[in-house]
Amino acid sequence: MLRSATTFVGRQAELGEARAVLDAALGGVPAALVVDGDAGVGKTRFLRELLAAADAAVQLVGHCMDLGDAPPPYLPLTEAFGALDAQVAAELVERHPPLARLLPGRAAAADDRLDRGAMLDAVLGSLTDLARDAPVLVVVEDTHWADPATRDVLGFLFTRLAGLAGVRLALVVTVRSDDLHRRHPLRPVLAGWSRLGSVHRLHLAPLPANAIGELLRAHDAGLDDAQVTDIVRRADGNAFFAEELLATARIGAGELPTALADLVLVRLDPLGVGARTVAAVAAVAGGPVAHEMLAEVAALPTERLDAALREAIDAYVLQPAQDLRGRPGYRFRHALLAEAAYDDLLPGERTRLHAAFAAQLATVAAERPDDAAGAAASAELARHARAAHDLPLAYTAAVRAGRQALAIGAPVEATEQLQVALELSGQVPDTESRAALINDYVDASVAAGRSHRALRVVRDQLANLSPGMTVLDRATLFFAAVKAAGAGELDAESFVEMAEAARLVADQPPSRLGAEIAATQAQIAAMLGRDTDAQRFADRAIRLAEQSGNAFALAAARATQGIVLRRQGEPERAMAELAQTADDAHDAGDFATETRSRYLIAMVLHEQGRLRAARDAYEHAWRHSVEHGRTWDTYAVHCRARTGVLDWAAGRWGEALDVLETDLVDAPAVSVAILSSAALLVRAGRADADARERAAQLRRHWTSEGVIAINHVFAMLPLLGHGTASDPAVALADELVDELGRLWLNEWFLARIQLSAMVLDVLVADARSATVQRRGELVETGGRFVADAEATVRNGLLRGRALGPEGSAWVARVQAGWASLRWIADTDPPDVDTLVDAWRRAEDATDYDENVVELARVRVSFAGVLRAVGRQEQAAQLVDLARPVGMATGDVVVTDALRALSAEPVHGAAAPAEPATLTARERDVLELVADGRSNREIGRRLYISEKTVSVHVSNILAKLGVRGRTEAAAVARRAGLLDPRD
């Protein structure tokens, strides 16, 4: 803002709203305020008023910066905590050691890898400690430039506010709304934050013309009306534009430009040589630059430097600011000024200045340990060195920045920096093994959920192996390919790569790499159901891990042993072993194995039918993984998806969507597809208008992850069979079997049991209105799916184990659906008692824990069967049990069945015949009468009792004024009540 401004204009209502939130928060009701508006609309000036109103609070202010595609993590937090009094900071670090990573000069040991969860807890704990002595106000400006790690911290703090009653804490962030393009990573984050009760959104719209005029006159009382009118028109409600136009007029730059870029250049033109020099240096810096750094790069004598800075500040080009290390320095008043100044430099000028910054930063980076500030310095060094065409230095700095970022729990930033290093490595002499660099890149990519990109990189390298590469480097590359592929779905090539990696280390001395390879072999064998091989490989991995000191491989192998125990019928022992493994992995910093172990614990609970406990275990696993910076880790994503699926099963459909569709920040496409496929269960269950379109978008991801295909098909089968022929559903089911058979190298996956039951439901619906010939075809198709389910029980990955509650329920539903299909088709039909008993067994088997939705679906199907055989009272009881679920969820499978059941007349209570239009049900009966069907056949086709059919036929005869069935058909055809083809 212009320093002469003393008047705050046009925001009194917004300020009142913001102060109310702030006052309550600083009084013990913690809250967050998100202030957004277009660039230049006045967010900084508005924030200044808020800070003035909260002058009794401890104010921690940090700024995000635009540092390109790979900003270093935690920048604004480093700035905010770096401003604390040294004694206060020391006391906080003593209580919360991870905070040292954010405080200049107080970093932890360089070899101490940071636990992301510990960092989050340290930030929250530090703020609550500060709030014991005085209210605390945390401000983060320009959050649209925030790095992923900072966004994670903010999201973590926002979600914890509701549980901090009595803590005097307020959080304020500002965002440029015009920078939030459709694919900006902050857009979904803001949507998620807005749903939190403790987060308040405040939008600053453009100022009205009278407010802009008042602002201009506050800056310069000598403006005449014509000048005010001209600037107000050009500013169009933007305070920054107005100030820029006013400042340009003040320095006599001639004609006012019509474009802001031209305006900025005009602002720079009148500056003297010295001022233009410091502006150029600040532009190349890319953010706040310390006075000492600027002085070194500008290379001006002290007196000329001071004069140049004074001129640049007086011209409103630069303003005082602290750099990331808390040192006094300067920054541009606005990013557009910096951008224009940078673009105005000649290529040679840019190169020289970047080289000068690189020379300075090389010393800084070398002095910094592996903390947030060190990662930031290394990332900045890499950027400047690359722009200065010093590729060897840029390569070294990018490698260091990537490894530092991975060590402090920022895998997205690590992936981006290591990607830069890989791009440069072909242009500079390698200072280390390229295989080791690729392996680090794979590890970072897997943690960031970007394994598919890493797999392409490593396989490209394998296709061009250097003849001089060492055996261990070759093994490292083959193993890196397996790790990258294993984060998704292993393909045939992965098994070849796994075998080659194992062969290459077989004759080598015990090593960390050999232990990890053996542990992965055990994991793959367990995945394929080869428990004996899994145990053998796990034993080898444990032996090698103990010899080489590889805690990661040790934990991974023990997790696989837990899988084997589970399959051997010892679930409680398996969970105990897995819990210990998860704790050991956590202590070793192996968060991948920790998440996998927690996922397996949840799986055991799931298999036992303990759905609520399983759901909570899944949620704990993925949230824990997120807190460690591994939001898109494979197992974390699957845990999140299963959390949503179990919410769906329990009838908590709103909660399911909250879990599956919020905060998808920087999300890899496959991860989004996994979560979206689970959300499709809700959307298709409600028959949302866009459900089919969403399903079509998921189809291309089937080959990337089998669970996407399964969720897709299971969500859509009820819709495909809803009032249509069954052929599309059968075709989709067959397509799923073919695809997963190729993908998983095993066609007898256990989900085929559920698939068969769901297809049988569709076939039953089709058979109700099918011709005699068609019914025979449907029974033949149904028999094929029944045989598939039985073969899956025999040949799947059960290995002699009994099915759990879920599997047993689906087997019972296959049997019940098969009985109904044969009964309706009158093909080897079961007797009534056998039919009813089959459905009663299905209901009993499905009735466990929170399996609410499937139980309701079974009950409405069972109710239809009971009505069809004349057991109205029992049917009504099932309808009463299912109705609340249908009403609460909007599940069309249940609600449509309820609607059809309620439309059926109570047995023996037909309405008096009268000459009126036939009802929809009477038309259905009449069509079958015209087709020559008996009452028994009609009842089975329409799923109603023979006596109810008789009532319908009597009503039809009375309404048509005829005495027989043949005459009724003839009259109906003449009256156009039947399709002429019938």
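Tyr635 is partly exposed, with 23% relative accessible area. This residue belongs to a predicted model, and its surroundings offer a starting point for a description of the whole protein.

## Aromatic residues

Tyr635 and Tyr599 form an aromatic pair whose ring centres are 5.1 Å apart, with 55 degrees between the planes, and the pair is classed as tilted. Tyr599 is found in helix H28 (residues 591-607) and Tyr635 in helix H30 (residues 634-649), so the pair ties together parts that lie 36 residues apart in sequence. Unlike Tyr635, which is partly exposed, Tyr599 counts as buried, at 12% relative accessibility. Together with Tyr618, the residues Tyr599 and Tyr635 make up one aromatic cluster.

Another pair is formed by Trp744 and Phe749, with ring centres 5.7 Å apart; their planes stand at 85 degrees, so this pair is edge-to-face. The cut-off behind that class is an angle over 60 degrees between the planes. Phe749 counts as buried, with a relative accessibility of 6%, whereas Trp744 is partly exposed, with a relative accessible area of 26%. In total, the structure holds 5 aromatic pairs.

Arginine residues also lie over aromatic rings. Arg536 is placed over the face of Phe537, at 4.5 Å from the ring centre. Arg640 is placed over the face of Trp622, at 4.7 Å from the ring centre.

## The protein as a whole

The protein comprises 982 residues, of which 57% count as buried. Its secondary structure consists of 46 helices and 8 strands. The accessible surface of the protein amounts to about 39100 Å², and carbon and sulfur atoms account for 51% of that area. Among contacts between residues at least 6 apart in sequence, 69% join residues at least 24 apart.

## Strand pairing

Strands of a sheet pair through backbone hydrogen bonds, in either a parallel or an antiparallel sense. The table lists pairings that involve strand E3 or strand E8.

| Strands | Sense | Bridges |
|---|---|---|
| E2 (residues 58-63) and E3 | parallel | 6 bridges |
| E3 and E4 (residues 169-176) | parallel | 5 bridges |
| E6 (residues 289-290) and E8 | antiparallel | 2 bridges |
| E7 (residues 318-322) and E8 | antiparallel | 5 bridges |

Strand E3 spans residues 136-141, and 6 of its 6 residues are buried, so the strand is largely enclosed by the rest of the structure. Both of its faces are covered: Val136, Val138 and Val140 are buried on one side, and Leu137, Val139 and Glu141 are buried on the other. Individual residues show how E3 is joined to its partners. Val139 in E3 is the bridge partner of Val61, and Leu137 has Ala170 in E4 as its bridge partner.

Strand E8 takes part in an open sheet of 3 strands, arranged in the order E6-E8-E7 with antiparallel pairing. E6 and E7 are the edge strands of this sheet, each pairing on one side only. E8 covers residues 328-332; 4 of its 5 residues are buried, so E8 is largely enclosed by the rest of the structure. Toward E6, Val289 stands opposite Tyr330 in E8, and Ala290 has Gly329 in E8 as its bridge partner. Gln319 is matched with Arg331 in E8 as its bridge partner.

## Nonpolar cores

Phe332 links the account of strand E8 to the protein interior. The largest nonpolar core has 139 residues, and those with the most contacts inside this core are Trp193 and Phe332. Leaving aside residues up to four places away in sequence, Phe332 touches Ala279, Ala282, Ala283, Val317, Leu318, Gln319, Leu337, Ala338 and Ala341. Another core lies apart from the largest one; this core has 134 residues, among them Ala526, Met758, Trp823 and Val879.

Note on methods:
Residues are numbered from 1 along each chain as its sequence is written. This is a predicted model: local features need pLDDT of at least 70, side-chain atom pairs count only at pLDDT 80 or more; totals for chains, interfaces and linings use all residues. Side-chain values use heavy atoms; hydrogens and water are left out. Rings of Phe, Tyr and Trp (its six-membered ring) pair if their centres lie within 6.5 Å; planes under 30 degrees apart count as stacked, over 60 as edge-to-face and the rest as tilted. Buried means under 20% relative accessible area, exposed over 50%, partly exposed in between (1.4 Å probe, protein chains only). A charge sits over a ring if NZ of Lys or CZ of Arg is within 6 Å of the ring centre and within 35 degrees of the ring normal. Contact means heavy atoms within 4.5 Å. Accessible areas come from the Shrake-Rupley method with a 1.4 Å probe; for residues, only the protein chains shown count as cover. Two strands pair if DSSP finds at least two bridges between them. A nonpolar core is a set of buried Ala, Val, Leu, Ile, Met, Phe, Trp, Tyr and Cys residues joined through side-chain atoms within 4.5 Å.
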